[in-house]
Each structure stands twice: as structure tokens, then as C-alpha cells.
Amino acid sequence: MSPVTAVVLAIVVPLVGAVAIGLMGEERANLRETATLVSAAIVFGLVLTLTPQIAGGARPELVLGEPLPGLPIAFEVEPLGLIFSLVASSLWIVTSIYSIGYMRGHHEENQTRFYIFFAIAISAVMGVAFAGNLFTLFVFYEVLTLSTFPLVTHHGTEAAKRGGRVYLGLLLATSIFLFLPAVIWTWYVAGTLDFVPGGILDGVLSPAAATILLGLFVFGIGKAAVMPVHRWLPAAMVAPTPVSALLHAVAVVKAGVFAILKISVYIFGTTFLQDVGASQIFAYVAGATILLASLVAFTKDNLKARLAYSTIGQLSYIVLGAMLANSYGIVGGAMHIVMHAFGKITLFFGAGAILVAAHRTQVSQLDGIGRMMPVTMAAFLIGALSITGLPPTGGTWSKWYLALGTLEAGEPILLAVLMLSSLLNIGYLLVIPARAFFAPADPELLAHPVREAPMPILIAMVITASVSIGLFFFPDPLFDLVRMVVES
Amino acid sequence: MTAHLPVLQVVIPLMAAAVCAALRPARVAWAFAVLVSWTVFVIAVLLLREVLAGGTISYEIGGWAAPWGIEYRIDVVNAFVLLIVSTVGAVVLPYAGDSVEREIRRDQIPLFYTAFLLCLTGLLGITITGDVFNVFVFLEISSLSTYTLVAMGRERGALTAAFRYLVMGSVGATFIVIGIGLLYSVTGTLNMVDLGLRLSELTATRTVPVAFAFLTVGISLKLALFPLHLWLPNAYAYAPSAATAFIAATATKVAVYMLLRFFFTVFGATFSFDTMQLGFVLLPLALVAIFSMSLVAIFQVNVKRMLAYSSLAQIGYITLGISIGTVTGLTAGILHLFNHAMMKAALFMALGCVIYRVGSIRIEAFHGLGKRMPLTMAAFVVAGLSLVGVPLTVGFISKWYLILAVLEQGWWPVAALVLFTSLMALVYIWRVVEAAYFHPSPTDEVAAAVREAPLSLLIPTWILVVVNVYFGVDATLTVEVAGRAAEALLGVPR
């Protein structure tokens, strides 16, 4: 199969899957779940076939149509996008397995609608990952916002409605009010929106204007959740756990930071950013977000809320990497997309497992639960280690490169921020499995002992946790791909 | 035959209107009107093709040579507007069949179609003619038939709304005819091109600026430019659904076309924009309209009236594009003529489906409709997103060009206002979406009987929804035509 076909299919197959899911419906639930799993497997397979070619230097391109003269909907696969699509498509399979256990175990309603919009969202993610110009990226970014809204408000309760309003309001408002003008401004000064290695803005923008434009992008891409446009992410936690896991730890938020990375590398160009010093101030904004989000996470007793604030902090690691605008920063940021994805999804899976098996949502209720749900909490521990950046997990490497990036940029304060953040992570994240295993058990828990979560949930968790460990020992394939980005 | 297409464009619906009044029963009148609207649509398509391929068409009525006789003159600008008007007509009339039976007394239905066809005639006539007095005649035809259409609404308020519109519309028409009279008194001609040639030498006289002022105010009343808009919300809210969909999508668009024709072809861009400083008059009015009308729309409880206020804001966008006076600005304005016609017609038609089944369009009436009328509400959502300007819909294309035109002038605050008001559109569309998808249905028996609208209403509505998406994904055709129209108006050679 030609790479171009694979690109188109990776975007179309989830949509076909959505139709198939809709046709099966609630009555043929097993077939419906098969449709989800088969589409997920096909998409992952397609992206895998692309991998060796991209690694070999190929850059398959394709123009789908031209909505506006000179502004095509176009796709071009390059290493960053490939990495993002690999992460999203592989985790779609795992999350689907998990969802089946979760949605059934939790007796959720409207499951067909859930799986349909999930598949559409994945299609949009593939569009973002393979976008060949800023316009295409913007279009799929918006589709992603709209298609995930029904997932966030899945329960239809008053709380879900409130959360959904914040979610959609903030994401659409930032994208229309800041992101879109930034795109139009770029088009106006550069005359193109193509992603070009080295950027398209060198020489057409004054340093002050470049700083403002970059600011429009950083805050306009609300999905990256840089403070103060982060409020939508905790609000989105009203969604069922699989949604929080895949979309709000991986696909949606990573679409945000991925866009920022792409814009730094292919629209501004790291050299241009360094020359005009436009990005330094935003590196500090990201640093502040890292610390503030960690501090807020301490105050959250609700497990999913705590994970949400942890995600906000971790996303800013990647933004920080992009804003450092040197090769170490970009490498660290790109690798952190992968490392954080596998770590955080494990944590969300754990939160969902605890909800399904023990009906508990608060951190303070988890003392001693690790002895009753050992697999769940062991996986949780590995996820937490990876987020903190400790061996033997993949998170070690991305933090390593980010730290190198701060040194190369001559920003010791930001290095200190990274280290302090690791300490804070230990304080609010690692403490959870520690207490679950070693603290004396909650009296209520002793009175009503709980058992391990359903098998599909455990399988999913073990897979993602193992990948986190695997990435510690074998980071080379990933590293080689990322290096192509900074060397081009 | 094809040589006579320009006159057939107007004569066919005019004759048909008279025939329609005699047809019984109502269904026959309807079928006849549909057939006419489709014929008119085909003619408009043929005319646009001919203009795009072969340039401006000039047709002399009755063989009397211009400037003595009446000339029909079709260039890219009015060929495009003809297409907009006839497209909306050809989609709304099939829809009207079932919708009208619910909303209008049975014996009045053939008269409804007569008035509808007359309105279509008037709007097409204003657009196609190259003679300013002919413009006034067709303006009266379209206005009078519109008052009738509004007055046929089923609520008592329709009569007051129609009367108010009649008063305001007549004031506007009078201003226009005074302006035309003044022009005739100094030039002795009524032909637009001829006027354009002669007026350029006469701009120093007192009469020409006065005529300009009368025409500006008169046309602004017709296009409901702030603060001359007060007749519009009630007229839209009380008219029968099919009439609202048609009028909202076409009448103000044709008025905008009149504005363009008088300012650019008759008076010339130099006189209008440099001598009379039209840009500085229109710009603040457009900005106030965009902001204040969006704000008012947010607080409406009657969804039809909400969309009426939204239309006023959208007219502001169009006027904003025109007031910039550059090729990009005019392109944005002309593009939005088409795009707004498509989205607003789709929205009003979706509302018509709701009226058909539920009988009310207050916001509470939408509770639970997401489940009971899924296709109708899906159409409303897509058209609503287009109104907001979400990518892959026509609304996005309009916003893109409008902001580009504003940025070319370096008007940052205006660009910010355009984006901010898009968010306000999101807010008022969202109120309906939330009512439809998140409020549980009322549990009484009446609500339980509500089900999806019939296909005869859904298919035309969805055709427009598809158009909204199609020209949002591939806007090459509309952008090209709008761009050429803008260049033709400004006299920029390609």
C-alpha cells in the first residue's frame, strides 16, 4: 500500500467504524464492540506501515481539496506527526479494551453514541497529526473539540452540562478569538501556511510582533492548557473515565501541545525564535503553570481532579520544551508526548478501575486498597513513577532532555522548576500507591472488602504500564524519530 | 430562445403569479409555483454560466435601444445575486407545501403562492434591470407582496408587524424615488451605465449629493441597516415560516445589491468613497449593528425573533465588508451575501419544522427535541455552526475573508470585534442546542406526540445544510465569483 493511501485510510477508517458502530447499535453490543476494536487495530496497523518509510526519510503528501484559493486541506506526514499518531492509535486499541470492561461494568447508558463519537474524535486526531499546513490543523482541531463534547457531557446530568459548557466555551472561545486570528495573521504576513522546516516567518515579522503572534498561538491553542486557559480540563473530568483517559490525557491535550510544537518548529522555526527571543517569556509562563498546577493538585482529594491538574502541569513540560527553542528542548518535548501519554493513561485507567471495583473517587478513601487490588495499584505506581520522571520508566528520558534544554538555553531557574516539580509529583502522586499498599486500611474497606477490577480493565492497565517500562529500556526508535525533527 | 433568457427570468414568474391566483385546489397552485421556481432557477444558472464565459449581457426590452429603452444588464455581480435569490426560491417553495397548510387559512393558500411568486419577480427584477426607475417599480412589487406575505402569519401580531413594515418600507421607497427623480432631473437619463457616465461630470452640483443622500437612506431602510432596522424583527418573527425563510435569505440581500449598484456603477467608487466619505458613514453603523444586534439576540425567548436579530448583525458584517471599499472587502461582503442566505434559510426552515410539529418556537418548546426530532435539530446545529463560523462551513469562509480585509487596513480592534461577535453567535445558538439536547422533554401528552418532521420539510432543509457544508469545504466557485464581482464593481482589470 502506498503511504498516501495509508494516510487517507487512517483518517477514514475511524469514520467508517463510527458508521458500523451506529448500525450495530445497542442490540448487537458484541458486534458493535468488535467494530470498534477492528477499526482501532486497522488504524494502528496503517500508522505502523508508515513508520519505516518516515524513518527512512519519506514525507508522503496529499491534497484533499481547496476550500479557499491557496489554502488546501493537505496532509504531510513527518516524524512529529507520526509519533503523535502512533501514540493515539495504539492507545485507542488499549482504551477500547478498557472501555468495554468499564462501560459494561459501570452499566453506562447510550453506549452506542459513546463509541461513535469516540471514533470520530480519533479520526480528527489523525487529521491533526497528519496536517500538512496550519489551516488543516486548525480545521481538525475544531472538529476534535466538537466531536468530544458529547463525550464530556455523556451522563447528561446537571454537573455534566456545567462541565460541558466550560469545556466547549473555553476551547471554542480561545480557538476563535486567539488561534484563528493568529492563523490569519500568519497567512497575511507569510502568504502561506505550509509547515516548512525552519519556519516561514523569518524576515517578515518584527521581534515584538513575533512575540505577540506566538502568544496568540500559545494561549489560543487552549487544548495545551497553559494557565490561565486550563479551566476546561478539570471541567472535562465529568466524562466517563475512558474519555478522560484517552482524550484528556492523550488525544485532545496532546493535539494541543503537538500543535504548539509544530508551530514552533515549522512555522516560526527554532532559529528564528532564538534570534528574536520571542519565546522566552512563554517558557516562564509554562514554568509557572508547571508549579501552580502541581500545587493545586495537592489540594484536590478527588482522584480524577488531581490527575487533571497533574496533566496541566505535564503539558506545560512540553510547551516549555517548545519554548526553549533548542534541539534538546524539542527532543524532550516530543518524547514527553509519548512518555506522559503512557504514564497518565495508566493512572486514569487505575482511577477508573477503583471506581468500577470499589466505587471510590476520593484519594483519602484509598488507604490500604492496594492490598485488595494489587495489580491495579502496581500499575498505578509505575504510571506515577513515569510521570515523576524516575527510573525504570520512560518519563526519565524526556525529563532528562528537557533539563538539558534549560541548561543549553541558560535558564537555571527553569531547571530548578523542573526539579521542584518532580519533588511535588512525589508528594501528590507517588504518595497514593504508597498509602494504598502500606497505610492501615480504611475501617469501612475492611468491613466491605473489594476485589480486583474486571479483566479487560486489568489487561489494559498492564499493557500501558509495561510500555512505560519498555520505553525506559528501549527509547532508541523513538529518539531516532525525534532527532529527525531537529536535524531537518 | 436563449437570447431572451434575461427577460424570461422576470416575465415567467410575473405571468405565473397571475395564473396561480386562479388555481384551485391549493396543492395545484403549490405544484405550479414549484415548477415556476425551478424554471427560474435553471434560467439563473444558465445566465451565470453565460456571464462567466462570455462577459456582460445586455438585453434591450422590446428592441428599444438603451438609453431610451429599458436595458437588462447582467454582469457577474447581479448574475450571482440572481442565483442566490432563485436558489432560495427553488428550495423554499417545495418546502412551503406542507408548512403553509399548517400555518395559513386554506382559502388563502393560492394567494400566498401568488404573493410569493410576485415577491420573487420583484427581487429578480430589481437585480436584473439596468434602469433605475425599473428598480423602483420592481422594488414596489417585491415590497407590496412582502407585506402581504407577512400579514398572512397566523398570529394577530402579524398584522401590526406587516403594517409597521408597510409604513417604513414606503418611507424607504419614497426616499429612493426622490433620489432617482433628482438624478433624472440633472442627467435626463435613467439608464445606469449612462447615469454613471454623465454623473462623473456633474458631481460639483448640489443635486447629486442630495440624490446620493436620499438613495443611501432609502436603501439602508430596505436593507435594515442599524438604526433603520426596527421593522425587521417583528416582520420576520410573525411571517409564515416559508415566507420568513425566503425573505430573510433574499430581500435584504437584494437591498445590499441595490446599494452596491448605486454606489459603484451609478455614482462611482470615487464619488461614493472619496467625495461623500461613505466608508466613514457605513463603518460605525455596521460595527454598532454587529455588536448590539448580537447582544439583543442573546436575550430573545422567541427563537425566530432571535434569528431575526442575528440577521441584523449579519447584515452588519456585509455592510462592514462594503464600507472598507477594497477588493477584498467587497469580496467578503458579496461572499457573505450568498453564505448568509444559505445559512439563514436553513435555520429558518429548521424552525419551520419545529413549528410544524410543536406549534411554538419559544425556547422552552425546544426542550427534548434533540431526541424527538433528531434530523431537524441536527440541521439546526450544523446551520448554527455555520452562522458561528466554524471551519468546514460557509460561515468560516465569510469570516476568513472579512478578517483578511479588515487586517489589510490594519484595523485590529475591528477584527477583534468580528471574532468576539462570532462568540456571541455561539452563545445564542447554544441556548437552543442546550434546550434541545439537555433539557428533558415535557411529560405531557402533547409533547409525547411530537415526532420527526415529514420528509417534504426535511429534504429541502437538508439540501441547504449540505450546501452550507459543501461550499465550506470547497469555496473555490463562490470565492471566484465574489472576487470577480468585486473587481467588476471597482473597475479593477483582471
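Let me start inside chain A, where Val375(A), Thr376(A), Ala379(A), Ile382(A), Gly383(A) and Ser386(A) of helix 14 meet Leu458(A), Met461(A), Val462(A), Ala465(A), Ser468(A) and Ile469(A) of helix 18. I should say at once that this is a predicted model. The axes of these two helices, residues 374-388 and residues 455-473 of chain A, come within 9 Å and cross at roughly 30°, and helix 14 of chain A passes helix 18 of chain A in a left-handed crossing. Sorted by class, the residues of this contact are eight nonpolar and four polar, with no charged residue among them.

A second pair in chain A can be set beside that one. Helix 2, residues 29-55, and helix 4, residues 111-130, have axes that come within 11 Å and cross at roughly 15°, which makes helix 2 of chain A roughly parallel to helix 4 of chain A, given that angles under 35 degrees are counted that way. The crossing of helix 2 of chain A and helix 4 of chain A is left-handed. Here helix 2 of chain A contributes Arg32(A), Thr36(A) and Ser39(A), while helix 4 of chain A contributes Thr112(A), Tyr115(A) and Ala119(A), and the residues of this contact comprise two nonpolar, three polar and one charged.

Staying with chain A, I turn to a single residue, Leu420(A), which is found in helix 16, residues 412-438. Is Leu420(A) buried or exposed? It falls in between, because 14 other C-beta atoms lie within 10 Å of Leu420(A), and that makes this residue partly exposed. In sequence, Leu420(A) and Ser294(A) are 126 residues apart, yet from C-alpha to C-alpha they are 9.8 Å apart in space.

Now to the nonpolar core. The largest one has 404 residues, of which Val319(A), Val150(B) and Ala345(B) touch the most other members, and helix 14 of chain B, residues 327-358, gives the most to this core, with 21 residues. If we leave aside neighbours within four places in sequence, Val319(A) is in contact with Val218(A), Ala224(A), Val226(A), Val257(A), Ile260(A) and Ala286(A).

Finally, the two chains together: 21 residues of chain B are in contact with 19 residues of chain A. On the chain B side, the elements that give two or more residues are helix 17 (394-408), helix 18 (412-438), helix 20 (455-473) and helix 21 (476-490), and the largest share, seven residues, comes from helix 18 of chain B. By class, the side of chain B that touches chain A has 17 nonpolar, three polar and one charged residues.

Key: Residues numbered from 1 in each chain as written. Chains lettered and ligands numbered in written order. Predicted model: local features only at pLDDT ≥ 70, side-chain atom pairs only at ≥ 80, totals over all residues. Contact = placed C-beta atoms within 7 Å. Helix = DSSP H or I, 4+ residues; strand = E, 2+ residues; numbered from the N terminus. Nonpolar A, V, L, I, M, F, W, Y, C, P; charged D, E, K, R; others polar. Core = buried A, V, L, I, M, F, W, Y, C linked by C-beta atoms within 7 Å. Buried ≥ 20, exposed ≤ 12 C-beta atoms within 10 Å, placed from the backbone. Axes fitted to C-alpha atoms, helices over the stretch in contact; angles between N-to-C directions. Parallel < 35°, antiparallel > 145°, perpendicular 65-115°, else oblique. Left-handed = near helix turned anticlockwise from the far one by under 90°.
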